[in-house]
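Visitor: I am new to this structure. Could you teach me how to read its features, step by step?

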Amino acid sequence: MTSIIMASESIEFDPVLSKLLTSLNEADNKLSGEQELQFLQTLLQSKEINALVNVHHKVAKLGRDERIAPILSASMQVALEVLELLAPRCHISPLCRELFHLLQKPHLQSLMCAHDAVAQKDFSPHLPELPVEMDEDEETIKIVQLVKSNEPLGATIKTDEDTGKIVIARILVGGAADRSGLIHVGDEVIEVNNVNVEGKTPSEVLAILQNSDGVITFKLVPSDSKYGQRESKVRVKAFFDYNPENDPYIPCKEAGLCFQKGDILHIVSQDDGFWWQARKEVDKTTRAGLIPSRALQERRIIHERTQMAREMSGSESKSSCTSSICMTPPGSPYPSNSSCRGPKTKKIMYDLAENDDFDREMIATYEEVAKLYPRPGIYRPIVLIGAPGVGRNELIKRLIARDPEKYRCPVPYTTRPMKSGEVPGREYLFVSREKMEADIQTSLFIEHGEFKGHLYGTSADSVKTIINAGAVCIMNPHYQAIKALRTPQLKPYIIHVKPPLFDELKMTRYSAKAISSFDETSSRGFTDDEFHEVLRSGERIEFLYGHFFDETIINEDLETAFEQLVETVTRAENESLWAPASWVQ
Ligand SMILES: Nc1ncnc2c1ncn2[C@@H]1O[C@H](COP(=O)(O)OP(=O)(O)OP(=O)(O)O)[C@@H](O)[C@H]1O
């Protein structure tokens, strides 16, 4: 039957496949599983399998020919390095730009990956090891010798719950034990330096290790699980600070990795559901350390919040708190319309409440990130976030004055009547409430809000127009707009403009005769209360949204802050930078 099918389709079948099919037919009567047999026959007769086998043979044959040895087997890695180098140099010549574009093409990248797989001979099937027949009583024992140095071993031990024996709990990637390649998770420890550890606790075993000098000899029973540790490629941005010294639950404080909010971490292993292993991206050479997994950190945050809510529930019923937020109209590099008159006055631009902060609902732990390469001529929008009065408008005004063609702000829409002296399309685009409400419904606005009965908002189109014109779109929305703006379509680069400490804030603003942006009716300086208000909002913004910032600029000395802004904006235009992984696909 097999030969008939093969002849009718006139395919030249691989001889080994044909042989397999014939032996299957011969074995037909002796085999029981009818379905499995049919499945195997269909599979072996398929054109696809035959074609794959032929390709495999050809590649394997060519691989044996020494005349066509690959020049390199990591072309994709080289391409990525070239992309990194080219990114800031695209403006040098059209050739640089073209190469930069070409190397990002998915087809070319797939071709290079295929090339590398062939060059590394990564095409042979990997079959599981055949189990070696072994006498049940005969256990393989391995003796491992490591030289003790100042570097920690990079492994932790525990008592196995079922057997009560001491086993290797985890191996830290890149540590001494990992590099030796001789100790694995699950290995049972029988002896350390000829001392039998049976019945001992992990702390007692650790004491033996700590008291030994020079060569340490382990007698181990290898674990059954044969899985080797493979470094994952996942990178995350940390949304919280972590110090293992202050963590009472970490299995081993010395094995922990200390990091700060905003650090990029390379997660090398997620094998343990509670404790991941990670390295700081900037610190490639060191061994990995333990950090709480996403699941563990989420649980901790939920637990903390529940505790806090419980503690507060008593006091909240006694006092009610009304708070307010000061907000500039969208895209307001223009003179502020804020009506803040002092801490006791209600000073809302968009009528928002502090409890609109979405982060109360969000559990911020880690965000997966990837490198986002700049696209010449298409710039990421720059979003300045900061406390009202901190000086965002001043910085934006200076940036636009430096190059008005390149840096542009979208003109906001409003339903309020035009004031005398205003020009439609300059300060605002004036529209009717009905039209604006309809446009909000159809998601034409990327950001909007209401103030004193009038709507204000920034349309997606106005931002797109600036981007498509090859200019850099600069925005300074209210901080609560971060979530709406942080989308894969916009890919904003978010800069936090932070106030300095009170004394510096007061001194710099006084000496520059700064005009308070809290009072639109007079041109007076800031009061102490207003400075405190700037600091309070700044702290709040940092606490709630700090993990979203790509950069922070402290606006103390104006010249210095402006220089920093120019540097940062230039970097965002030219360099490959970490961004949410979902923006990169
Ligand atoms: N570093 C600085 N040193 C001295 N004065 C400054 C500095 N930064 C800003 N100013 C001044 O402070 C005042 C308020 O700044 P600006 O209007 O830019 O604040 P803003 O954050 O945009 O406020 P708002 O959002 O409320 O409009 C302006 O007079 C500005 O020139």
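Guide: We go from the overall make-up to helix pairs, then sheets, then single residues. Keep in mind that this is a predicted model.

Visitor: Start wide. How many helices and strands are there in the protein?

Guide: Count the elements before you look at details. The protein has 18 helices and 21 strands.

Visitor: What share of the residues counts as buried?

Guide: Burial is read from neighbours: 20 or more other C-beta atoms within 10 Å make a residue buried. Of the 585 residues here, 28% count as buried.

Visitor: And how much of the contact comes from residues 24 or more positions apart?

Guide: Take the contacts with a separation of 6 or more. Residues 24 or more positions apart account for 65% of them.

Visitor: Now a helix pair. At what angle do the axes of helix 2 and helix 3 cross?

Guide: Look at the distance, then the angle. Helix 2 spans residues 15-27, and helix 3 spans residues 34-45. Their axes come within 10 Å and cross at roughly 160 degrees. An angle over 145 degrees counts as roughly antiparallel, so helix 2 is roughly antiparallel to helix 3. The crossing of helix 2 past helix 3 is left-handed.

Visitor: Which residues of helix 2 and helix 3 meet?

Guide: Helix 2 brings Leu 17, Leu 20, Leu 21 and Leu 24. Helix 3 brings Leu 37, Leu 40, Gln 41, Leu 44 and Gln 45. By class, the contact of helix 2 with helix 3 has seven nonpolar residues, two polar and no charged.

Visitor: Try another pair. How do helix 5 and helix 7 cross?

Guide: Apply the same reading. The axes of helix 5 (residues 75-86) and helix 7 (residues 106-119) come within 8 Å and cross at roughly 140 degrees. That makes helix 5 oblique to helix 7. Ser 75, Met 76 and Ala 79 make the contact from helix 5; Gln 109, Met 112, Cys 113, His 115 and Asp 116 make it from helix 7. This contact of helix 5 with helix 7 divides into four nonpolar, three polar and one charged.

Visitor: On to sheets. What is the order of the strands in the open sheet of five?

Guide: Read a sheet by strand order and direction. The order is 13-18-12-19-20, and the pairing is parallel. Strand 13 (407-408) and strand 20 (551-554) are the edge strands, each pairing on one side only.

Visitor: How many bridges join strand 19 to strand 20?

Guide: Four bridges join strand 19 (residues 493-498) to strand 20, and the two run parallel. One partnership to find is Val 497 with Ile 553 in strand 20.

Visitor: Which helix lies across strand 12, strand 13, strand 18 and strand 19?

Guide: Helix 11 (residues 392-402) does. Its direction is at about 155 degrees to strand 12.

Visitor: What is the order in the sheet of four strands?

Guide: This open sheet runs 15-14-17-16, with mixed pairing. Strand 15 (429-430) and strand 16 are at the edges with a single partner strand each, so one side of each has no neighbour in the sheet. Strand 14 (residues 413-414) runs parallel to strand 15, joined by two bridges. There, Tyr 413 stands opposite Leu 429. Helix 12 (residues 433-441) packs on the sheet and touches strand 14, strand 16 and strand 17, at about 45 degrees to strand 17. Helix 13 (residues 460-468) lies across strand 16 and strand 17, at about 30 degrees to strand 17.

Visitor: Last, single residues. Is phi of Lys 452 positive or negative?

Guide: Most residues other than glycine have a negative phi. Phi of Lys 452 is near 45 degrees, a positive value. Lys 452 sits in the loop between strand 16 (445-451) and strand 17 (454-459). Lys 452 counts as exposed because it has 11 C-beta neighbours inside 10 Å.

Visitor: Where is Lys 491 placed?

Guide: Lys 491 is in the loop between helix 14 (482-485) and strand 19. Its phi is positive too, near 50 degrees. With 19 other C-beta atoms within 10 Å, Lys 491 is partly exposed.

Visitor: In which helix does Arg 536 lie?

Guide: Arg 536 lies in helix 16 (residues 528-545). Arg 536 has 13 other C-beta atoms within 10 Å, so it is partly exposed. Pro 499 is 37 residues away along the chain, and the C-alpha atoms of Arg 536 and Pro 499 are separated by 9.8 Å.

Notes
Residues numbered from 1 in each chain as written. Predicted model: local features only at pLDDT ≥ 70, side-chain atom pairs only at ≥ 80, totals over all residues. Axes fitted to C-alpha atoms, helices over the stretch in contact; angles between N-to-C directions. Parallel < 35°, antiparallel > 145°, perpendicular 65-115°, else oblique. Left-handed = near helix turned anticlockwise from the far one by under 90°. Contact = placed C-beta atoms within 7 Å. Nonpolar A, V, L, I, M, F, W, Y, C, P; charged D, E, K, R; others polar. Pairing = 2+ DSSP bridges. Buried ≥ 20, exposed ≤ 12 C-beta atoms within 10 Å, placed from the backbone.
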